[in-house]
Amino acid sequence: MPSPTTPAPSARQCLSACIIAFNEADRIGDCLASLAFCDEIVVVDSFSSDATVAIAEAAGARVVQRAFTGFRSQKAFCVELASHDWVLCLDADERVDAHLRAAIEAERDAGFVRAVGYRFARCSEYFGRFLRHGTAYPDRVLRLFDRRHGGWRGDREIHEAVAVDGPVTLLPGDLLHHPYRSFLQLLDKKQKYARMMAEYEHAKGKRATLGKLVLAPSWRFFRSYVVKRGFLDGWPGLIEAFVSANYVRQKTIMLWLLNNQQPLVDPPRAQP
């Protein structure tokens, strides 16, 4: 009697979802729900004071708390905690849409044979409307990768990005992004990011110039609103173009202040 045929091993790879969070109780539930297809979800929480941890644990995530040291280092730490080498990295204000989920599942079932990293578009919601034009879209990000071939590299803690050694493939679908709860929060975050970038550039020896202060913000607005057709997104597109240009202006001013040993915040005052 012939021996039974041994079934071929499955090509399917296991996938870990990696999320960093801080006080995201109102948004992390939707993020986790969109990641239900992953084999594991790891959340690194920066000691939230709201229900973020409870919501994540109730959804089946493994939660580890760690003091925030920077966006890049926090995400790199989360990737190290994953049980599987293939990881999908999200922020708590992001969700995987149905089209992107199907594409990721197809790649996983095939064994992720086409690449060591995958990019996809990120589509940001901006005060009631998803932006489909301007510099905000498609905003392709590399968030799905084999950590054995790369990760959150470098020393820049703001506008951090994944780098891998090997081929990268673009997937269809969108990573839906809900970055701001209010306009004032938007301004606060942009100012924080401008300061972090100014400090990074100052540490690298970069100098502020009049060209950067006068011309760069104007070009950022023109490129986003006219060249990239941000005007097709109506008022949200116009607001995004103005706010983005102002970010460039703020960063340059802060860089000039740092170059000239001027304070960015109120100096400490002696107690009476």
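## Exercises on a predicted model

F127 sits in the loop between strand 6 and strand 7; helices (H or I, at least four residues) and strands (E, at least two) are DSSP runs, numbered from the N terminus. The model is predicted, so local features need pLDDT of at least 70 and side-chain atom pairs count only at pLDDT 80 or more, while totals for chains, interfaces and linings use all residues. Residues are numbered from 1 along each chain as its sequence is written, and side-chain values use heavy atoms, with hydrogens and water left out.

### Exercise 1: Backbone angles in the loops

Find what is notable about the phi of F127, and then look at R229.

*Step 1.* Start from the general rule: most residues other than glycine have a negative phi, and most peptide bonds are trans.

*Step 2.* F127 is not a glycine, yet its phi is positive, at about 55°. Its relative accessibility is 35%, so F127 counts as partly exposed (buried means under 20% relative accessible area, exposed over 50%, partly exposed in between, with a 1.4 Å probe and protein chains only).

*Step 3.* R229, in the loop between helix 6 (210–227) and helix 7, has a positive phi of about 60° and is not a glycine either. With a relative accessible area of 45%, R229 is partly exposed.

*Step 4.* Now go to P138, in the loop between strand 6 (117–124) and strand 7. The peptide bond joining Y137 and P138 is cis, with omega of about 15°.

### Exercise 2: The surroundings of helix 3

Work out which residues of helix 3 are buried and what they pack against.

*Step 1.* Go through the helix: F71, R72, S73, Q74, K75, A76, C78 and V79 are buried.

*Step 2.* That makes eight of the eleven residues of helix 3 (residues 71–81), so the helix is largely enclosed by the rest of the structure.

*Step 3.* Look at the partners. The buried residues pack against strand 1 (15–21), strand 2 (40–45), strand 4 (86–91), strand 7 (141–146) and helix 5 (183–203).

### Exercise 3: Empty space inside

How many cavities of 30 Å³ or more does a search of the whole structure find, and what lines the largest cavity?

*Step 1.* The search finds two. On a 1 Å grid over the protein atoms alone, a cavity is a set of points where a 1.4 Å probe fits but cannot get out, and lining residues have an atom within 4 Å of a point. Grid points are joined across faces, edges and corners, and a volume is the space filled by probe spheres set on the points.

*Step 2.* The largest cavity has a volume of about 40 Å³. Its lining is made up of C18, I19, I20, K75, C78, V79, C89, L90, D91, R143 and W152. Strand 1, helix 3 and strand 4 are the elements that each give two or more residues to this lining.

*Step 3.* The second largest cavity holds about 30 Å³ and is lined by L131, H133, G134, S224, G230, D233, G237 and E240.

### Exercise 4: The end of helix 7

Is N259 buried or exposed, and which residues does N259 contact?

*Step 1.* N259 belongs to helix 7 (residues 234–259). At 6% relative accessibility, N259 counts as buried.

*Step 2.* Set aside neighbours within four places in sequence: N259 is then in contact (heavy atoms within 4.5 Å) with H202, K206, R207 and A208.

*Step 3.* Zoom in on K206: its backbone oxygen lies 3.3 Å from a polar atom of the N259 side chain.

Definitions and conventions
A polar contact is a pair of N or O atoms within 3.5 Å; within protein, one must be able to donate a hydrogen and the other to accept it, and residues adjacent in sequence count only if both atoms are side-chain atoms. On a 1 Å grid over the protein atoms alone, a cavity is a set of points where a 1.4 Å probe fits but cannot get out, and a pocket is an open set with protein on both sides within 12 Å along at least five of seven lines; lining residues have an atom within 4 Å of a point.
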